[in-house]
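The following exercises are to be worked through with the sequence and the model side by side. Each task is followed by a stepwise solution.

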Amino acid sequence: MLYLNTDNIYEVGIDWNELTNVISTATRVLHKNDYSQPIKPYLRYGDPKNRIIAMPAYVGGSAPLSGIKWIASFPDNIYRNKLRAHSVTILNEHDSGVPLCVINTALISGIRTAAVSGVIVQKYLATRKSEQQFTVGIIGFGPIGRMHLKMIGALLGDRLDKVLLYDINKVDLDQVDPAYKDKIVVCDSWKACYTAADIFITCTVSSSPYVDQAPPKGSLQLNVSLRDYKVEMVSYMDVIIVDNWEEVCRQNTDIENMHKIMGLEKSDTLSISDVVCAETLDVKEDAVVMFNPMGMAIFDIAVGGHYYREALKRNIGAVMPD
């Protein structure tokens, strides 16, 4: 059995075009119904905002794998000089159940999260003029915010005009990738970040919504942290995309609250499968697109499988005895 840690993942490398292709391939497998993914249970105890989540899945296709991610999210860890999220991913041979790999790092989860966002970014970009420059706003500049900056910088390339950052605990500019430092503007409020952004990304640990202003016309709203938009904001969203309605419409997410209070229904949304497998995002230029990803286990297993296979090719990682 192969063991991979954070250093091993960095040694393999993070290629965002390759990773968005991994997510798109897994989405097509999802569309063909060649997968299994039970609704993930949340283990809660003590402080109710803390949770440990089990995410089992089988992903079919040309490189089938099964496995599970076990991820702990303790938001107050950031005040204890600890990472908010910790995760272990186990990959199993699909036709025997034999454990193949243990990936002991939350980095893999962050990569998956940003790569899923990246797929939607690519579909959104396909609806824009090729010469358009983009202002990106990111609120929350912890590990997930930083990962999204790297992803968006790689996918936009020279179309990235500037990046607006806001964090309630202040932005640590030492954590900004040097490649983007000349494009960074640190904002003094989330509103300053939000109202000027063509692509707006929430990467916070907010427990209650606060976004209450109309988004810029034609913008992409990546609601990664899922608990930032007040329910009335649904009226401004021309297209609402979810990764999976049954997963995201629970656990006090913005989608669940928009469903309960504003009457949002599954039929009012598109799934990531609808968007990827239709090969287009058919929207008007001034339409506001909102993406709400709860996080799907099939994507974790697909990304884990990518790193497992690359590590085997390059002789990276430690082989553990049975």
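**Exercise 1. A loop residue**

Ser208 is partly exposed, because its relative accessible area is 42%, where buried means under 20% relative accessible area, exposed over 50%, and partly exposed in between (1.4 Å probe, protein chains only). This is a predicted model, in which local features need pLDDT of at least 70 and side-chain atom pairs count only at pLDDT 80 or more, while totals for chains, interfaces and linings use all residues. Residues are numbered from 1 along each chain as its sequence is written, and side-chain values use heavy atoms, with hydrogens and water left out.

Task: Where is the place of Ser208, and how many Å apart in space are Ser208 and Tyr229, C-alpha to C-alpha?

Solution.
Step 1: Ser208 is in the loop between β11 (199-202) and β12 (220-222); strands (E, at least two residues) and helices (H or I, at least four) are DSSP runs, numbered from the N terminus.
Step 2: Tyr229 is 21 residues from Ser208 in sequence, and their C-alpha atoms are 8.4 Å apart.

**Exercise 2. The overall form**

Task: Determine how the radius of gyration of the chain stands against the rule for a compact globule.

Solution.
Step 1: The rule is 2.2 Å times the number of residues to the power 0.38, and the radius is taken over C-alpha atoms.
Step 2: For 322 residues a compact globule would have a value near 20 Å, and the chain has 19 Å, which agrees.
Step 3: The C-alpha trace spans about 55 × 45 × 45 Å along its principal axes.
Step 4: Buried residues make up 55% of the 322 residues, and the chain has nine helices and 16 strands.
Step 5: Of the contacts (heavy atoms within 4.5 Å) with a separation of 6 or more, 67% are accounted for by residues 24 or more positions apart.
Step 6: The chain exposes about 14,300 Å², 49% of it supplied by carbon and sulfur atoms; accessible areas come from the Shrake-Rupley method with a 1.4 Å probe, and for residues only the protein chains shown count as cover.

**Exercise 3. Two helices**

Task: Compare the reach of α2 and of α3 with the expected span, and state what covers the buried residues of α2.

Solution.
Step 1: The expected span is 1.5 Å times one less than the number of residues.
Step 2: α2 (residues 16-31) has 16 residues and reaches 22 Å from its first C-alpha to its last, close to the 22 Å expected.
Step 3: α3 has 19 residues and reaches 26 Å, close to the 27 Å expected.
Step 4: Among the buried residues of α2 are Trp16, Leu19, Val22 and Ile23.
Step 5: Their cover includes β2 (35-36), β4, α3 (107-125), α4 (143-156), α8 (272-277) and α9 (297-314).
Step 6: α3 is itself mostly covered, with 18 of its 19 residues buried.

**Exercise 4. Charged pairs**

Task: How many salt bridges does the structure hold, and which parts of the chain does the pair of Asp300 and Arg112 tie together?

Solution.
Step 1: Side chains of opposite charge can pair when their charged atoms come close.
Step 2: A salt bridge is a side-chain nitrogen of Lys or Arg within 4 Å of a carboxyl oxygen of Asp or Glu, and the structure holds nine.
Step 3: Asp300 and Arg112 meet in one of 3.1 Å, N to O.
Step 4: Asp300 lies in helix α9 and Arg112 in helix α3, so this pair ties together parts that are 188 residues apart in sequence.
Step 5: Both Asp300 and Arg112 are buried.
Step 6: Lys266 forms a salt bridge with Glu246, their closest N and O atoms being 3.0 Å apart. This pair links the loop between α7 (254-262) and β14 (270-271), which holds Lys266, to helix α6 (residues 245-248), which holds Glu246. Lys266 is partly exposed at 45% relative accessibility, and Glu246 is partly exposed at 40%.
Step 7: Arg250 and Glu247 meet at 2.9 Å, N to O; Arg250 counts as buried at 16%, and Glu247 is buried at 2%.

**Exercise 5. A nonpolar patch**

Task: Which residues form a nonpolar patch with Tyr45 on the surface?

Solution.
Step 1: Tyr45 is found in the loop between β3 (42-43) and β4 (51-59) and is partly exposed, with a relative accessible area of 47%.
Step 2: Patches are made of residues with over 30% relative accessible area and no salt bridge; like charges are joined within 9 Å, and nonpolar side chains (Val, Leu, Ile, Met, Phe, Trp, Tyr) within 5 Å.
Step 3: Leu43 and Trp70 join Tyr45 in the patch, and the three have about 320 Å² of accessible area together.
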